[in-house]
Amino acid sequence: MFPVWITETPLLDKDGKWIGSIEISADITERRRGERALRESEAKFRTLAEAMPQIVWMAQPDGSKTYFNQRWLDYTGLSLEESLGPGWLNAIHPDDRQSTMEAWSMAVDTGRVLERETRLRKADGSFHWMLVRALRLYDSAGNIVSWLGTCTDIEVLKQAETALQRAREAAEAASQAKSDFLANISHELRTPMNGIIGFTELALATELTGELREYLGIVKSSSDHLLSLLNDILDFSKTQANELRFETLTFRLRETIDKALQPFALEAGRKKVTFAWEVMPDVPDELTGDPTRLRQILVNLVANAIKFTEQGGVAVRVEVLHKREADVILHFSVRDTGIGIPTEKQGIVFEPFTQADTSTTRKYGGTGLGLTIAARLVKMMGGRLRLESTEGAGSKFDFNLGFSCQPAAPALPERRCADGPILAAAGQRTWRILLAEDNIVNQRVVARLLEKQGYTVEVASTGRDALALLSQQAFDLVLMDIQMPDIDGFQATAAIRERERTSGKHLPILALTAHAMAGDRERCIKAGMDDYISKPIQPSDLWGAVECLLAHFAHRSSQS
Ligand code: MN
């Protein structure tokens, strides 16, 4: 037995008389089976749709909704009648309605998968974030017959994401605040150092009893030490904040290294340890790179090596690792026969504020930042600072850095000094210097230091005052503070250079910068200044720079 479909068609003659019939019977087993399968699959779909933790809905190809599962009705509190048609939009957050409508129309128009996050109102009036997805379903001919959509509650995920984002922002802000604080505080602390170092130096230059001289000598060396600690913290905070700028200058390697390491010979001699440095003969001398930062790396490593070495010695060596055409990679090493660093501590010595042994803090002093700064500078210059050490036998720090052997173009003008005292060369004339500086202590210390050397000094407290004085009186040189209220050093310099465009004169300007930053010199020179010195001012630096500029420009103006 099987189900059949019977069709009976009457047969008529030409007068319309019934003459018989054609009976066709067809086996419809397959069709029945298909209908049952469809009903079963629909029932399965409904069961699945109702059992799922998600909201499930269906829509016609034109976008109108045809079905919502019970979960939608429970979730939104809407009835099926309220949800069909455009009613479902009432459950979408008012701010998301427009964009949801647009996204849905776009999906319907293009037939693309819809996937978006939107806020859905729950029956209790609260809104939850939902991930909405919709796929199109095709018939065997490839036509879209319907859309199948789901909504998944991602509120918890969304909250976690927001909390994570907030935590990350807070951590970043805290880290930035710490770096800013360190940079600001070390900068601010350097300002009074100007007065302490300057006036101690001035006092030491007067007639003093032996006892007073000894005390002031201690004040001087202590303040120099304090300054070097402050500089460490400032440099560290700048490497932390990625604020360091690197210069590209052409420099003489041997001269740079000699100048950097010479001062340590004295300290090594006092401790009776040997100290030697050697640049191998095949190392090219004229290099292009940042000599200031290279010096800083070597100074930090050598200071550290001498500090921790009680007997034996410290040796610095520079050799060629690799040379190709105009580029050279140099290998730098600093070896000592000091206390060494235990294996388990070797990983942390480059971390900030740590020393291999916390008790060494008391014995050897220091901020513990020297190695961190050196390691970061090497890294920022493209190398890696390595350490080999045996406890009790010494340490070796080494790194490779690449330099160009081609001169940097354009090279910045170098400070050129005339030999001999220029005051004598100028005969009886007294040089007149204008000091533009807003800080009263700095005004006094710089003016006194210059007067000591026989210069005449006029003081202006703002850039505006300085410009006014310059238009009334003649000066041979200007000492220009960068940070001043009203008109700052850069603006005042620009105004002076603008005035000179018609006169063809050039008044030498020496910048006084508060930040000792690489790039400062470049920035000052670009702004029209001739040179700069950084605060706190070391008297010999000040005198040297002033004399150099006067000699250079006096020489030039006598030629013209
Ligand atoms: Mn200032």
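Visitor: At what angle do the axes of helix α6 and helix α10 cross?

Guide: In this predicted model, the axes of α6 (residues 210-240) and α10 (residues 370-380) cross at roughly 40° and come within 10 Å.

Visitor: What makes α6 oblique to α10, then?

Guide: Angles under 35 degrees count as roughly parallel, and 65 to 115 as roughly perpendicular. The crossing of α6 and α10 is at roughly 40°, so α6 is oblique to α10. The crossing of α6 past α10 is left-handed.

Visitor: Which residues make the contact between α6 and α10?

Guide: From α6 come Asp232, Asp235, Phe236, Thr239 and Gln240, and from α10 come Gly370, Thr372, Ile373, Arg376, Leu377 and Met380. These residues divide into four nonpolar, four polar and three charged.

Visitor: Why is α5 called roughly antiparallel to α6?

Guide: The axes of α5 (residues 155-204) and α6 cross at roughly 160° and come within 9 Å. Angles over 145 degrees count as roughly antiparallel, so α5 gets that name with respect to α6. The crossing of α5 past α6 is left-handed. Its contact residues comprise 16 nonpolar, nine polar and six charged.

Visitor: How do you know that Asp438, Asp481 and Gln483 are donors of the manganese ion?

Guide: A donor here is an N, O or S atom within 2.8 Å of the metal. Asp438 (OD), Asp481 (OD) and Gln483 (O) lie 2.1 to 2.3 Å from the manganese ion, so they qualify as its protein donors. Along the chain the donors follow the spacing D-x42-D-x1-Q.

Visitor: Why is aspartate 481 called buried, and glutamine 483 partly exposed?

Guide: Buried means under 20% relative accessible area, and aspartate 481 has 2%, so it is buried. Glutamine 483 has 44%, which falls between 20% and the 50% limit for exposed, so it is partly exposed.

Visitor: What makes asparagine 442 a buried residue?

Guide: Its relative accessible area is 1%, under the 20% cut-off, so asparagine 442 counts as buried. Asparagine 442 is in helix α12 (residues 440-452). Leaving aside neighbours within four places in sequence, asparagine 442 is in contact with Thr191, Asn194, Glu437, Ala447 and Lys535.

Visitor: What is the form of the peptide bond from lysine 535 to proline 536?

Guide: That bond is cis, with omega near 0°. Proline 536 is in the loop between β19 (531-534) and α16 (539-559).

Visitor: Is valine 459 buried, exposed or partly exposed?

Guide: The relative accessibility of valine 459 is 36%, between the limits of 20% and 50%, so it counts as partly exposed. Valine 459 belongs to strand β16 (residues 456-460). Apart from neighbours within four places in sequence, valine 459 is in contact with Leu435, Gln443 and Leu469. The C-alpha atoms of valine 459 and isoleucine 440 are separated by 10.0 Å, the two residues being 19 apart along the chain.

Visitor: Why is glutamate 325 called exposed, and aspartate 486 partly exposed?

Guide: Exposed means over 50%, and glutamate 325 has a relative accessible area of 73%, so it is exposed. Aspartate 486, at 48%, is under that limit but over 20%, so it is partly exposed.

Visitor: Where do glutamate 325 and aspartate 486 lie?

Guide: Glutamate 325 is in the loop between β11 (313-324) and β12 (327-336). Its phi is near 50°, a positive value in a residue other than glycine. Aspartate 486 is in the loop between β17 (477-481) and α14 (489-503), with phi near 75°, a positive value in a residue other than glycine.

Methods: Residues numbered from 1 in each chain as written. Predicted model: local features only at pLDDT ≥ 70, side-chain atom pairs only at ≥ 80, totals over all residues. Heavy atoms only, no water. Axes fitted to C-alpha atoms, helices over the stretch in contact; angles between N-to-C directions. Helix = DSSP H or I, 4+ residues; strand = E, 2+ residues; numbered from the N terminus. Left-handed = near helix turned anticlockwise from the far one by under 90°. Contact = heavy atoms within 4.5 Å. Nonpolar A, V, L, I, M, F, W, Y, C, P; charged D, E, K, R; others polar. Donors = N, O, S within 2.8 Å, 3.2 Å for Na, K, Ca; no water. Buried < 20%, exposed > 50% of the residue type's maximum accessible area, 1.4 Å probe, protein only.
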